[in-house]
Amino acid sequence: MIVRTRFAPSPTGFLHIGGLRTALFCWLYARRHVGTFVLRIEDTDLERSTPEAIQQILDGMEWAGLDFDEGPFFQTKRFERYKDVIDELLAAGKAYRCYCSKEELEQMRAQQIARGEKPRYDGRWRERTDAPTGVAAVVRFKNPLDGEVVVEDVVHGRVVFKNSELDDLIIARSDGTPTYNFCVVVDDMDMQITHVIRGDDHLNNTPRQQNMLLALGQRPPVYAHLPMILGPDGAKLSKRHGAVSVLQYRDDGYLPEAVLNYLVRLGWSHGDQEFFSIEEMTRLFDIVDVNKSASAFNVEKLMWLNQQHMMRAPASRIVPVLRWHLDREGIQAPDEAQLEQIVVSQRERAKTVREMALNSLFFFRAPVSYDEKAVRKHVTAEVPALLAETMRELAQLEAWTGPGIHQVISGFAVAKGIALGKLAQPLRLAVCGGTVSPPIDATLAILGKAESLARMARALQVWTA
RNA sequence: GCUCCCUUCGUCUAGUGGCCCAGGACAUUGCCCUCUCAAGGCAAGUACACGAGUUCGAAUCUCGUAGGGAGCGCCA
(Lines give C-alpha, C1' and ligand atoms only; values in the text may rest on other atoms or scores of the structure.)
Protein backbone atom coordinates (compact mmCIF):
# COMPACT_ATOMS: atom_id res chain seq x y z
CA MET A 1 0.00 0.00 0.00
CA ILE A 2 1.25 3.44 -0.88
CA VAL A 3 0.85 5.81 2.02
CA ARG A 4 -1.09 8.98 1.26
CA THR A 5 -1.49 11.64 3.93
CA ARG A 6 -3.03 15.07 3.76
CA PHE A 7 -2.89 18.35 5.59
CA ALA A 8 -6.22 20.13 5.35
CA PRO A 9 -6.22 23.59 6.91
CA SER A 10 -9.08 26.00 6.56
CA PRO A 11 -7.93 29.43 5.44
CA THR A 12 -9.75 31.42 8.08
CA GLY A 13 -6.60 32.67 9.78
CA PHE A 14 -2.86 32.23 9.67
CA LEU A 15 -1.00 28.96 9.94
CA HIS A 16 -0.05 28.68 13.59
CA ILE A 17 2.20 26.38 15.51
CA GLY A 18 -0.48 23.76 16.12
CA GLY A 19 -1.33 23.55 12.44
CA LEU A 20 2.32 23.34 11.54
CA ARG A 21 2.82 20.44 13.91
CA THR A 22 -0.07 18.56 12.32
CA ALA A 23 1.36 19.29 8.89
CA LEU A 24 4.77 18.13 10.08
CA PHE A 25 3.49 14.79 11.33
CA CYS A 26 1.57 14.19 8.09
CA TRP A 27 4.62 15.15 6.07
CA LEU A 28 7.01 13.04 8.13
CA TYR A 29 4.79 10.03 7.91
CA ALA A 30 4.49 10.35 4.14
CA ARG A 31 8.23 10.90 3.72
CA ARG A 32 9.16 8.09 6.02
CA HIS A 33 7.05 5.65 4.03
CA VAL A 34 7.98 7.12 0.67
CA GLY A 35 4.35 8.09 0.25
CA THR A 36 2.46 11.09 -1.00
CA PHE A 37 1.68 14.23 0.96
CA VAL A 38 -1.38 16.13 -0.19
CA LEU A 39 -2.32 19.71 0.65
CA ARG A 40 -5.99 20.52 0.64
CA ILE A 41 -7.49 23.88 1.46
CA GLU A 42 -10.83 23.54 3.21
CA ASP A 43 -12.43 26.75 2.12
CA THR A 44 -16.09 25.83 2.14
CA ASP A 45 -16.77 28.60 4.62
CA LEU A 46 -17.12 31.34 2.05
CA GLU A 47 -17.69 33.93 4.75
CA ARG A 48 -14.47 33.48 6.63
CA SER A 49 -11.99 32.19 4.06
CA THR A 50 -9.61 34.75 2.59
CA PRO A 51 -6.99 34.67 -0.17
CA GLU A 52 -4.52 36.27 2.25
CA ALA A 53 -4.90 33.36 4.63
CA ILE A 54 -4.31 30.90 1.79
CA GLN A 55 -1.11 32.71 0.86
CA GLN A 56 -0.02 32.75 4.51
CA ILE A 57 -0.45 29.01 4.75
CA LEU A 58 1.49 28.42 1.55
CA ASP A 59 4.28 30.75 2.68
CA GLY A 60 4.46 29.12 6.08
CA MET A 61 4.69 25.64 4.60
CA GLU A 62 7.36 26.78 2.21
CA TRP A 63 9.43 28.41 4.92
CA ALA A 64 9.19 25.26 7.03
CA GLY A 65 10.22 23.17 4.05
CA LEU A 66 7.13 20.98 4.17
CA ASP A 67 6.75 20.36 0.46
CA PHE A 68 3.61 18.68 -0.81
CA ASP A 69 3.37 16.28 -3.70
CA GLU A 70 -0.20 17.03 -4.72
CA GLY A 71 -2.37 20.09 -4.43
CA PRO A 72 -3.20 22.53 -3.18
CA PHE A 73 -6.72 21.34 -3.85
CA PHE A 74 -9.56 23.69 -3.06
CA GLN A 75 -12.90 22.46 -1.85
CA THR A 76 -14.65 25.40 -3.43
CA LYS A 77 -13.56 24.03 -6.82
CA ARG A 78 -15.13 20.67 -6.11
CA PHE A 79 -18.74 21.67 -5.45
CA GLU A 80 -19.96 19.79 -8.54
CA ARG A 81 -18.46 16.62 -7.23
CA TYR A 82 -20.02 17.01 -3.79
CA LYS A 83 -23.39 17.64 -5.38
CA ASP A 84 -23.12 14.43 -7.38
CA VAL A 85 -22.33 12.40 -4.29
CA ILE A 86 -25.22 13.98 -2.41
CA ASP A 87 -27.59 13.06 -5.24
CA GLU A 88 -26.18 9.57 -5.17
CA LEU A 89 -26.88 9.23 -1.44
CA LEU A 90 -30.34 10.70 -1.86
CA ALA A 91 -31.14 8.27 -4.67
CA ALA A 92 -29.89 5.35 -2.61
CA GLY A 93 -32.04 6.39 0.35
CA LYS A 94 -28.95 6.99 2.46
CA ALA A 95 -29.74 10.64 2.84
CA TYR A 96 -32.97 12.62 2.95
CA ARG A 97 -34.32 16.13 2.78
CA CYS A 98 -35.28 17.87 5.96
CA TYR A 99 -37.59 20.87 5.87
CA CYS A 100 -37.18 22.07 9.41
CA SER A 101 -36.68 25.78 9.81
CA LYS A 102 -33.79 27.11 11.84
CA GLU A 103 -36.27 28.27 14.45
CA GLU A 104 -37.78 24.85 14.73
CA LEU A 105 -34.34 23.31 15.26
CA GLU A 106 -33.45 25.98 17.73
CA GLN A 107 -36.55 25.19 19.74
CA MET A 108 -35.83 21.47 19.65
CA ARG A 109 -32.35 22.05 20.98
CA ALA A 110 -33.54 24.34 23.73
CA GLN A 111 -36.05 21.76 24.93
CA GLN A 112 -33.49 18.99 24.92
CA ILE A 113 -31.03 21.03 26.92
CA ALA A 114 -33.77 21.91 29.35
CA ARG A 115 -34.41 18.21 29.81
CA GLY A 116 -30.72 17.58 30.40
CA GLU A 117 -30.31 15.74 27.14
CA LYS A 118 -27.62 16.00 24.52
CA PRO A 119 -28.93 18.39 21.87
CA ARG A 120 -29.35 16.60 18.57
CA TYR A 121 -31.67 16.31 15.61
CA ASP A 122 -34.45 13.85 16.31
CA GLY A 123 -34.84 12.56 12.76
CA ARG A 124 -38.35 13.87 12.29
CA TRP A 125 -37.98 14.08 8.50
CA ARG A 126 -36.23 10.76 8.16
CA GLU A 127 -39.26 8.94 6.84
CA ARG A 128 -41.60 11.76 5.88
CA THR A 129 -42.55 12.22 2.25
CA ASP A 130 -44.97 15.12 2.53
CA ALA A 131 -42.49 17.71 1.35
CA PRO A 132 -43.89 21.23 1.56
CA THR A 133 -43.59 23.29 -1.58
CA GLY A 134 -41.63 26.51 -1.72
CA VAL A 135 -39.48 25.64 1.28
CA ALA A 136 -35.75 25.09 0.77
CA ALA A 137 -34.58 21.84 2.33
CA VAL A 138 -31.27 20.76 3.78
CA VAL A 139 -29.97 17.27 3.10
CA ARG A 140 -29.20 15.05 6.05
CA PHE A 141 -27.21 11.87 6.18
CA LYS A 142 -29.16 8.88 7.44
CA ASN A 143 -27.01 7.69 10.28
CA PRO A 144 -27.58 4.11 11.52
CA LEU A 145 -29.95 4.10 14.50
CA ASP A 146 -28.31 1.41 16.55
CA GLY A 147 -25.11 -0.54 16.85
CA GLU A 148 -21.72 1.01 17.43
CA VAL A 149 -18.96 2.61 15.46
CA VAL A 150 -15.49 1.45 16.33
CA VAL A 151 -12.68 3.82 15.51
CA GLU A 152 -9.31 2.13 15.54
CA ASP A 153 -7.09 5.08 16.27
CA VAL A 154 -3.34 4.66 16.04
CA VAL A 155 -2.64 6.96 18.95
CA HIS A 156 -5.72 6.48 21.11
CA GLY A 157 -6.39 2.85 20.48
CA ARG A 158 -9.91 1.51 20.06
CA VAL A 159 -12.58 4.15 20.63
CA VAL A 160 -16.20 3.05 20.60
CA PHE A 161 -19.19 5.29 19.91
CA LYS A 162 -22.82 4.31 20.06
CA ASN A 163 -24.82 5.16 16.95
CA SER A 164 -27.64 6.23 19.22
CA GLU A 165 -25.44 9.14 20.33
CA LEU A 166 -25.05 10.36 16.78
CA ASP A 167 -27.70 12.25 14.86
CA ASP A 168 -28.42 12.82 11.19
CA LEU A 169 -26.02 15.57 10.31
CA ILE A 170 -26.62 18.09 7.58
CA ILE A 171 -24.50 17.40 4.51
CA ALA A 172 -25.99 20.09 2.27
CA ARG A 173 -27.25 23.46 3.42
CA SER A 174 -30.54 24.83 2.20
CA ASP A 175 -28.63 26.83 -0.43
CA GLY A 176 -27.22 23.57 -1.72
CA THR A 177 -23.64 24.03 -0.55
CA PRO A 178 -22.02 21.04 1.13
CA THR A 179 -20.83 21.09 4.72
CA TYR A 180 -17.44 20.38 6.22
CA ASN A 181 -17.84 16.85 7.57
CA PHE A 182 -19.24 15.70 4.28
CA CYS A 183 -16.60 17.37 2.11
CA VAL A 184 -13.87 15.80 4.19
CA VAL A 185 -15.33 12.37 3.59
CA VAL A 186 -15.67 12.83 -0.16
CA ASP A 187 -12.21 14.36 -0.44
CA ASP A 188 -10.47 11.72 1.60
CA MET A 189 -12.20 9.12 -0.50
CA ASP A 190 -11.41 10.74 -3.86
CA MET A 191 -7.87 11.56 -2.91
CA GLN A 192 -7.38 8.03 -1.66
CA ILE A 193 -6.04 9.15 1.67
CA THR A 194 -4.76 6.14 3.57
CA HIS A 195 -3.86 7.87 6.85
CA VAL A 196 -5.88 10.68 8.33
CA ILE A 197 -3.57 12.45 10.78
CA ARG A 198 -5.18 15.46 12.46
CA GLY A 199 -5.79 17.15 15.80
CA ASP A 200 -7.72 15.18 18.40
CA ASP A 201 -10.42 17.83 18.42
CA HIS A 202 -11.65 15.83 15.43
CA LEU A 203 -11.89 12.55 17.28
CA ASN A 204 -15.59 13.15 17.94
CA ASN A 205 -16.24 13.79 14.25
CA THR A 206 -14.70 10.52 13.25
CA PRO A 207 -17.61 8.13 13.86
CA ARG A 208 -19.91 10.21 11.63
CA GLN A 209 -17.29 10.38 8.94
CA GLN A 210 -16.68 6.68 9.19
CA ASN A 211 -20.40 6.01 8.81
CA MET A 212 -20.60 8.16 5.70
CA LEU A 213 -17.58 6.43 4.24
CA LEU A 214 -19.21 3.09 4.86
CA ALA A 215 -22.41 4.31 3.20
CA LEU A 216 -20.33 5.22 0.18
CA GLY A 217 -18.91 1.72 0.08
CA GLN A 218 -15.46 2.72 1.26
CA ARG A 219 -13.16 1.21 3.79
CA PRO A 220 -12.16 3.81 6.39
CA PRO A 221 -8.57 5.05 6.38
CA VAL A 222 -6.22 4.67 9.30
CA TYR A 223 -6.90 7.41 11.81
CA ALA A 224 -4.36 9.10 14.07
CA HIS A 225 -5.59 11.88 16.33
CA LEU A 226 -2.79 14.02 17.64
CA PRO A 227 -2.84 15.67 21.06
CA MET A 228 -3.26 19.42 21.12
CA ILE A 229 -0.61 22.00 21.77
CA LEU A 230 -1.41 24.35 24.62
CA GLY A 231 -0.06 27.76 25.53
CA PRO A 232 2.86 28.09 27.98
CA ASP A 233 0.37 28.42 30.83
CA GLY A 234 -1.31 25.14 29.96
CA ALA A 235 -4.40 26.87 28.65
CA LYS A 236 -5.59 26.77 25.08
CA LEU A 237 -3.30 28.55 22.62
CA SER A 238 -4.42 32.11 22.21
CA LYS A 239 -3.16 35.16 20.41
CA ARG A 240 -1.25 36.08 23.51
CA HIS A 241 1.10 33.12 23.24
CA GLY A 242 1.90 30.76 20.41
CA ALA A 243 -1.07 31.45 18.24
CA VAL A 244 0.88 33.65 15.92
CA SER A 245 1.73 32.97 12.32
CA VAL A 246 4.62 30.58 11.83
CA LEU A 247 6.18 33.35 9.76
CA GLN A 248 6.60 35.24 13.00
CA TYR A 249 9.13 32.62 14.02
CA ARG A 250 11.08 33.33 10.86
CA ASP A 251 11.03 37.04 11.67
CA ASP A 252 12.12 36.34 15.22
CA GLY A 253 15.20 34.56 13.96
CA TYR A 254 14.36 30.91 14.38
CA LEU A 255 15.62 28.33 11.94
CA PRO A 256 12.84 26.22 10.43
CA GLU A 257 14.72 23.03 11.24
CA ALA A 258 14.81 24.09 14.91
CA VAL A 259 11.11 24.87 14.99
CA LEU A 260 10.37 21.50 13.41
CA ASN A 261 12.72 19.78 15.85
CA TYR A 262 10.91 21.45 18.71
CA LEU A 263 7.49 20.52 17.36
CA VAL A 264 8.36 16.93 16.61
CA ARG A 265 9.28 16.46 20.27
CA LEU A 266 5.89 17.70 21.38
CA GLY A 267 4.01 14.45 21.70
CA TRP A 268 6.69 12.27 20.18
CA SER A 269 10.05 11.05 21.34
CA HIS A 270 12.80 8.68 20.43
CA GLY A 271 14.31 7.60 23.74
CA ASP A 272 16.26 10.46 25.29
CA GLN A 273 17.23 12.13 22.06
CA GLU A 274 16.49 15.84 21.88
CA PHE A 275 18.31 16.99 18.79
CA PHE A 276 17.03 15.78 15.44
CA SER A 277 18.03 16.84 11.98
CA ILE A 278 15.26 16.77 9.38
CA GLU A 279 16.85 13.66 7.95
CA GLU A 280 16.84 11.94 11.35
CA MET A 281 13.23 12.74 12.08
CA THR A 282 12.03 11.47 8.74
CA ARG A 283 13.95 8.28 9.36
CA LEU A 284 12.81 7.76 12.95
CA PHE A 285 9.31 9.19 13.14
CA ASP A 286 6.36 6.91 13.54
CA ILE A 287 2.81 7.74 14.64
CA VAL A 288 2.57 4.70 16.87
CA ASP A 289 5.10 6.44 19.12
CA VAL A 290 2.94 9.53 19.52
CA ASN A 291 1.54 10.27 23.02
CA LYS A 292 -2.05 10.91 23.90
CA SER A 293 -1.75 13.91 26.15
CA ALA A 294 -1.64 17.56 25.24
CA SER A 295 1.57 19.50 25.70
CA ALA A 296 2.42 23.07 26.59
CA PHE A 297 4.45 25.26 24.29
CA ASN A 298 7.72 26.33 25.88
CA VAL A 299 9.73 29.06 24.17
CA GLU A 300 12.79 28.50 26.37
CA LYS A 301 13.32 25.07 24.95
CA LEU A 302 12.66 26.26 21.42
CA MET A 303 15.40 28.84 21.94
CA TRP A 304 17.81 26.26 23.24
CA LEU A 305 17.15 24.00 20.28
CA ASN A 306 17.50 26.90 17.89
CA GLN A 307 20.92 27.67 19.29
CA GLN A 308 21.88 24.01 19.09
CA HIS A 309 20.94 24.02 15.42
CA MET A 310 22.88 27.22 14.84
CA MET A 311 25.96 25.76 16.49
CA ARG A 312 25.85 22.43 14.72
CA ALA A 313 24.98 23.59 11.24
CA PRO A 314 27.71 24.50 8.78
CA ALA A 315 28.27 28.25 8.93
CA SER A 316 27.24 28.46 5.30
CA ARG A 317 23.73 27.40 6.33
CA ILE A 318 23.42 30.34 8.70
CA VAL A 319 25.07 33.02 6.57
CA PRO A 320 22.11 33.69 4.26
CA VAL A 321 19.75 33.82 7.22
CA LEU A 322 22.03 36.26 9.02
CA ARG A 323 22.24 38.32 5.85
CA TRP A 324 18.44 38.45 5.72
CA HIS A 325 18.24 39.69 9.30
CA LEU A 326 21.02 42.21 8.83
CA ASP A 327 19.23 43.47 5.78
CA ARG A 328 16.18 44.13 7.92
CA GLU A 329 18.42 46.21 10.16
CA GLY A 330 19.46 48.26 7.16
CA ILE A 331 22.83 46.66 6.59
CA GLN A 332 23.33 45.64 2.97
CA ALA A 333 25.42 43.04 1.26
CA PRO A 334 28.21 42.47 3.74
CA ASP A 335 31.21 40.44 2.68
CA GLU A 336 30.52 36.69 2.57
CA ALA A 337 33.74 35.60 4.27
CA GLN A 338 33.26 38.15 7.01
CA LEU A 339 29.70 36.97 7.63
CA GLU A 340 30.94 33.44 7.97
CA GLN A 341 33.46 34.54 10.59
CA ILE A 342 30.73 36.39 12.44
CA VAL A 343 28.51 33.31 12.46
CA VAL A 344 31.30 31.14 13.81
CA SER A 345 32.24 33.56 16.56
CA GLN A 346 28.74 34.71 17.50
CA ARG A 347 26.55 31.63 17.38
CA GLU A 348 27.36 30.45 20.86
CA ARG A 349 26.22 33.78 22.26
CA ALA A 350 22.83 34.10 20.55
CA LYS A 351 19.66 32.07 20.77
CA THR A 352 18.29 33.25 17.45
CA VAL A 353 19.72 34.53 14.21
CA ARG A 354 17.99 37.82 14.81
CA GLU A 355 19.75 38.14 18.15
CA MET A 356 23.00 37.31 16.38
CA ALA A 357 22.37 40.08 13.87
CA LEU A 358 21.58 42.55 16.61
CA ASN A 359 24.68 41.55 18.57
CA SER A 360 26.77 41.99 15.45
CA LEU A 361 25.69 45.42 14.36
CA PHE A 362 28.88 46.94 15.77
CA PHE A 363 30.90 45.11 13.13
CA PHE A 364 29.25 47.31 10.54
CA ARG A 365 28.71 50.52 12.43
CA ALA A 366 31.42 52.11 14.53
CA PRO A 367 30.21 52.97 18.03
CA VAL A 368 28.85 56.48 18.34
CA SER A 369 29.01 56.34 22.11
CA TYR A 370 30.51 54.14 24.80
CA ASP A 371 28.68 52.39 27.60
CA GLU A 372 29.12 54.93 30.38
CA LYS A 373 29.03 52.59 33.30
CA ALA A 374 31.58 50.32 31.67
CA VAL A 375 33.84 53.24 30.86
CA ARG A 376 33.85 54.31 34.48
CA LYS A 377 34.69 50.80 35.53
CA HIS A 378 37.28 49.81 32.95
CA VAL A 379 38.84 52.97 31.63
CA THR A 380 41.01 53.81 34.59
CA ALA A 381 43.73 56.45 34.67
CA GLU A 382 46.45 54.23 33.27
CA VAL A 383 44.30 52.81 30.46
CA PRO A 384 44.86 55.49 27.81
CA ALA A 385 48.62 55.01 27.96
CA LEU A 386 48.28 51.23 27.82
CA LEU A 387 45.87 51.50 24.93
CA ALA A 388 48.15 53.80 23.00
CA GLU A 389 51.02 51.41 23.45
CA THR A 390 48.92 48.41 22.41
CA MET A 391 47.90 50.29 19.32
CA ARG A 392 51.50 50.91 18.36
CA GLU A 393 52.28 47.22 18.76
CA LEU A 394 49.20 46.12 16.83
CA ALA A 395 50.08 48.55 14.05
CA GLN A 396 53.34 46.64 13.63
CA LEU A 397 51.50 43.34 13.18
CA GLU A 398 51.84 42.05 9.64
CA ALA A 399 49.41 39.12 9.58
CA TRP A 400 46.12 40.39 11.02
CA THR A 401 44.74 37.10 12.35
CA GLY A 402 43.18 35.98 15.61
CA PRO A 403 46.24 34.09 16.85
CA GLY A 404 48.56 36.91 15.77
CA ILE A 405 46.49 39.50 17.59
CA HIS A 406 46.23 37.27 20.62
CA GLN A 407 49.97 36.95 20.78
CA VAL A 408 50.48 40.70 20.71
CA ILE A 409 47.84 41.49 23.30
CA SER A 410 48.58 38.76 25.79
CA GLY A 411 52.32 39.22 25.34
CA PHE A 412 51.89 42.88 26.12
CA ALA A 413 49.80 42.14 29.20
CA VAL A 414 52.39 39.73 30.48
CA ALA A 415 55.19 42.22 29.87
CA LYS A 416 53.26 44.87 31.79
CA GLY A 417 52.40 42.43 34.53
CA ILE A 418 48.65 43.02 34.25
CA ALA A 419 45.72 40.66 33.88
CA LEU A 420 44.50 40.26 30.32
CA GLY A 421 41.09 41.54 31.36
CA LYS A 422 42.58 44.90 32.27
CA LEU A 423 43.46 45.35 28.64
CA ALA A 424 40.77 43.38 26.87
CA GLN A 425 37.80 45.21 28.36
CA PRO A 426 38.93 48.71 27.42
CA LEU A 427 39.80 47.43 23.97
CA ARG A 428 36.39 45.83 23.62
CA LEU A 429 34.75 49.03 24.76
CA ALA A 430 36.77 50.98 22.21
CA VAL A 431 35.81 48.87 19.22
CA CYS A 432 32.30 47.75 20.20
CA GLY A 433 31.05 50.54 22.42
CA GLY A 434 29.88 47.91 24.91
CA THR A 435 31.19 45.07 27.01
CA VAL A 436 29.85 42.10 25.11
CA SER A 437 31.51 40.62 22.07
CA PRO A 438 33.35 37.52 20.94
CA PRO A 439 36.90 37.14 22.33
CA ILE A 440 38.76 40.36 21.67
CA ASP A 441 41.29 38.79 19.30
CA ALA A 442 38.55 37.30 17.13
CA THR A 443 36.62 40.56 17.25
CA LEU A 444 39.57 42.59 16.05
CA ALA A 445 40.39 40.00 13.39
CA ILE A 446 36.88 40.20 11.93
CA LEU A 447 36.86 43.96 12.11
CA GLY A 448 40.10 44.25 10.14
CA LYS A 449 43.27 46.09 10.94
CA ALA A 450 42.44 49.55 9.63
CA GLU A 451 38.99 49.67 11.19
CA SER A 452 40.21 48.31 14.52
CA LEU A 453 43.00 50.86 14.80
CA ALA A 454 40.72 53.69 13.71
CA ARG A 455 38.17 52.83 16.36
CA MET A 456 40.86 52.61 19.03
CA ALA A 457 42.22 55.95 18.05
CA ARG A 458 38.82 57.52 18.20
CA ALA A 459 38.06 56.02 21.62
CA LEU A 460 41.40 57.23 22.92
CA GLN A 461 40.55 60.68 21.69
CA VAL A 462 37.18 60.66 23.46
CA TRP A 463 38.56 59.26 26.70
CA THR A 464 41.47 61.64 26.97
CA ALA A 465 39.47 64.71 26.08
C1' G B 1 -26.23 18.55 30.74
C1' C B 2 -24.78 14.35 27.56
C1' U B 3 -20.81 11.65 24.76
C1' C B 4 -15.68 11.00 23.89
C1' C B 5 -10.55 11.93 25.21
C1' C B 6 -6.44 13.04 28.61
C1' U B 7 -3.47 12.90 33.65
C1' U B 8 5.08 11.01 35.46
C1' C B 9 9.60 16.86 37.99
C1' G B 10 7.61 24.23 36.66
C1' U B 11 7.87 22.46 31.10
C1' C B 12 8.92 18.48 27.11
C1' U B 13 9.47 13.46 27.94
C1' A B 14 11.73 7.93 29.13
C1' G B 15 9.20 4.08 31.24
C1' U B 16 4.39 -1.38 28.46
C1' G B 17 4.69 -5.92 36.33
C1' G B 18 10.49 -6.69 39.27
C1' C B 19 16.54 -3.35 36.05
C1' C B 20 12.62 2.70 39.06
C1' C B 21 12.67 4.94 46.91
C1' A B 22 11.64 6.71 38.69
C1' G B 23 16.09 8.20 33.77
C1' G B 24 17.14 12.31 30.07
C1' A B 25 16.33 17.40 28.34
C1' C B 26 14.79 22.76 28.96
C1' A B 27 14.43 26.13 32.92
C1' U B 28 16.30 27.29 38.04
C1' U B 29 20.42 27.37 41.79
C1' G B 30 25.63 26.53 43.03
C1' C B 31 30.66 25.41 41.54
C1' C B 32 34.55 25.00 37.63
C1' C B 33 36.55 27.16 33.10
C1' U B 34 37.32 32.38 31.59
C1' C B 35 39.55 39.00 28.49
C1' U B 36 33.32 40.32 28.52
C1' C B 37 28.94 37.74 27.32
C1' A B 38 28.18 33.15 26.14
C1' A B 39 29.17 28.14 25.08
C1' G B 40 31.01 23.92 27.77
C1' G B 41 31.85 20.73 32.26
C1' C B 42 30.24 19.19 37.16
C1' A B 43 26.57 19.20 41.01
C1' A B 44 21.72 20.11 43.46
C1' G B 45 16.46 20.40 44.17
C1' U B 46 11.60 19.13 42.25
C1' A B 47 7.23 14.30 39.56
C1' C B 48 4.24 8.69 38.94
C1' A B 49 -3.45 13.48 40.33
C1' C B 50 -6.20 10.77 44.35
C1' G B 51 -8.53 6.20 46.34
C1' A B 52 -9.51 1.16 46.13
C1' G B 53 -8.43 -3.58 43.90
C1' U B 54 -5.46 -7.64 41.17
C1' U B 55 -0.46 -9.53 42.33
C1' C B 56 4.84 -12.27 46.07
C1' G B 57 5.62 -7.39 43.59
C1' A B 58 2.42 -1.73 40.12
C1' A B 59 4.25 4.54 37.32
C1' U B 60 3.04 0.22 34.45
C1' C B 61 -3.25 -4.05 34.77
C1' U B 62 -8.78 -3.14 36.61
C1' C B 63 -12.47 -0.03 38.80
C1' G B 64 -13.91 4.49 40.96
C1' U B 65 -13.08 9.81 42.22
C1' A B 66 -11.12 14.49 41.09
C1' G B 67 -9.13 17.85 37.63
C1' G B 68 -8.37 19.33 32.51
C1' G B 69 -9.80 19.18 27.25
C1' A B 70 -12.90 18.29 22.93
C1' G B 71 -17.52 17.52 20.51
C1' C B 72 -22.86 18.06 20.65
C1' G B 73 -24.15 24.48 14.41
C1' C B 74 -27.56 25.20 7.65
C1' C B 75 -18.56 26.79 11.56
C1' A B 76 -14.44 24.28 10.02
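**Exercise 1. Find which helix gives the most residues to the surface near RNA strand B, and how many.**

Solution. Helix 10 gives the most, with 6 residues; helices here are DSSP runs of H or I with at least four residues, strands are E runs of at least two, and both are numbered from the N terminus. A residue is near the strand if one of its heavy atoms lies within 4 Å of it.

Before going on, a word on the setup: this is a predicted model, where local features need pLDDT of at least 70 and side-chain atom pairs count only at pLDDT 80 or more, while totals for chains, interfaces and linings use all residues. Residues are numbered from 1 along each chain as its sequence is written, chains are lettered from A and ligands numbered from 1 in the order in which they are written, and side-chain values use heavy atoms, leaving out hydrogens and water.

**Exercise 2. Describe the surroundings of RNA strand B.**

Solution. Start with the count: 63 residues surround RNA strand B, and Gly116, Pro119, Arg173, Gly267 and Glu348 are the closest. On the RNA side, sugar and phosphate make up 66% of the strand's atoms that come within 4 Å of the protein.

**Exercise 3. Which polar backbone atom lies 3.4 Å from a base nitrogen of RNA strand B, and which lies 3.0 Å from a base oxygen?**

Solution. Take the base nitrogen: its partner belongs to Cys100. Next, the base oxygen pairs with a polar backbone atom of Pro439. Both are polar contacts, pairs of N or O atoms within 3.5 Å.

Notes. Polar contact = N/O pair within 3.5 Å; in protein donor to acceptor, adjacent residues only side chain to side chain.
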